[in-house]
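Me: Please walk me through the charged pairs in this model. I want the reasoning behind each label.

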Amino acid sequence: SIAIRDARIKFLDARKKFEPVFLSNVDLTLKNSAAHMQINGSMVLPAAYGEKCTFALDLYGDISTPDWSGQVYIEALRARPDAWLSHADTDGSLKLGDKPADVRLWTSWQGAHLTRVNGTFAASDLHLAAGSVKLDIQIIDALFTLVPDQNNGLRVKVRLNELQAGNGPWPVTETTVIRQPLADGESFRYIVHSDYLNLRDVINITGHAGEKNFIDTGNLDASGELQDCLIVYDPGRPPAQRLAVDTRVHGVNLGNPQKLHIRNLDGHVSGTSDRGVISLDTASAEITVPGIVIRQFPLNELQGDLL
């Protein structure tokens, strides 16, 4: 075995895309046999990357070739996720902001390929951006699992223990996202299933993503909840049918000072931007029509379908 204490390491990017990264207070313990390697270590990070990182590797096979497998654990406290992400092989469109986060990752590898990631993520004042899609998050505490496949597909499951976004706090929520490659080899179908989604957050995200024709509320302010929600985005379909939804809606409010106000609608929505069905099943709703009805008009029961 080999032990290294209080060392300094200069990390060089072989692709020469980044400036060298200097790591300090590096402690490292290595145990090695013919077909098994264990490495435990910790280090102090440069301020741009966080504070401290702890890691452990348990590997089998010849790590000088692709014929190795094992597990890798990484814990980064008050890390700067955007700085770490900049070293990954991505298109650069995903941004996480410069606020610190606590990240823990348990990864599994087979034949030098990543097969599974389990992790935890906790942060505050986070500003997410993926291309034109933007979302501000005040607090997030999440568990997640990521499983890639050999065809560049991906399955991600997230449990949100706590989330406070721009439109208020979310309940504990489980969400699954599946990415499926299309026949052209470049585009992907995305399938999202979630216990809960905030309607305002969904409108903001789809609007930034260029899908305003799917949820177009005009000048109306919209709020409420989507429950047991299934969303499919398929760029291989005609534009009006690329985004499809099937969800229950709860406590939906639509309103504008100069237009109709509808409050507390419940029901079910299914369809695309050009066709679908809205089924209403509301026990107690209110309608206000400024200029026509002076007071709110209560509805004790509202049921029916809109095609």
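**Salt bridges and their reasons**

Reply: A note before we begin: this is a predicted model. The side chains of E174 and K157 meet in a salt bridge, at 3.9 Å from N to O.

Me: Why is the contact between E174 and K157 called a salt bridge?

Reply: The cut-off is 4 Å between a Lys or Arg side-chain nitrogen and an Asp or Glu carboxyl oxygen. E174 and K157 have 3.9 Å, N to O, so the pair qualifies. E174 lies in strand β12 (residues 173-181) and K157 in strand β10 (residues 154-165), so the bridge ties together parts 17 residues apart in sequence.

Me: What makes K157 partly exposed?

Reply: Partly exposed runs between 20% and 50% relative accessible area. K157 has 43%, so the label fits. E174, at 31%, is partly exposed too.

Me: Which network includes E174?

Reply: E174 also forms a salt bridge with R159, with the closest N and O atoms 3.4 Å apart. Shared partners join K157, R159 and E174 into one network. R159 is partly exposed, at 33%.

Me: How do you know that E51 and R78 form a salt bridge?

Reply: Their side chains meet at 3.2 Å, N to O. The limit is 4 Å, so the pair counts. E51 lies in the loop between β3 (36-44) and β4 (52-61), and R78 in strand β5 (residues 68-79), so the pair ties together parts 27 residues apart in sequence.

Me: How many salt bridges does a search of the whole structure find?

Reply: Five.

Conventions. Residues are numbered from 1 along each chain as its sequence is written. This is a predicted model: local features need pLDDT of at least 70, side-chain atom pairs count only at pLDDT 80 or more; totals for chains, interfaces and linings use all residues. Side-chain values use heavy atoms; hydrogens and water are left out. Helices (H or I, at least four residues) and strands (E, at least two) are DSSP runs, numbered from the N terminus. Buried means under 20% relative accessible area, exposed over 50%, partly exposed in between (1.4 Å probe, protein chains only).
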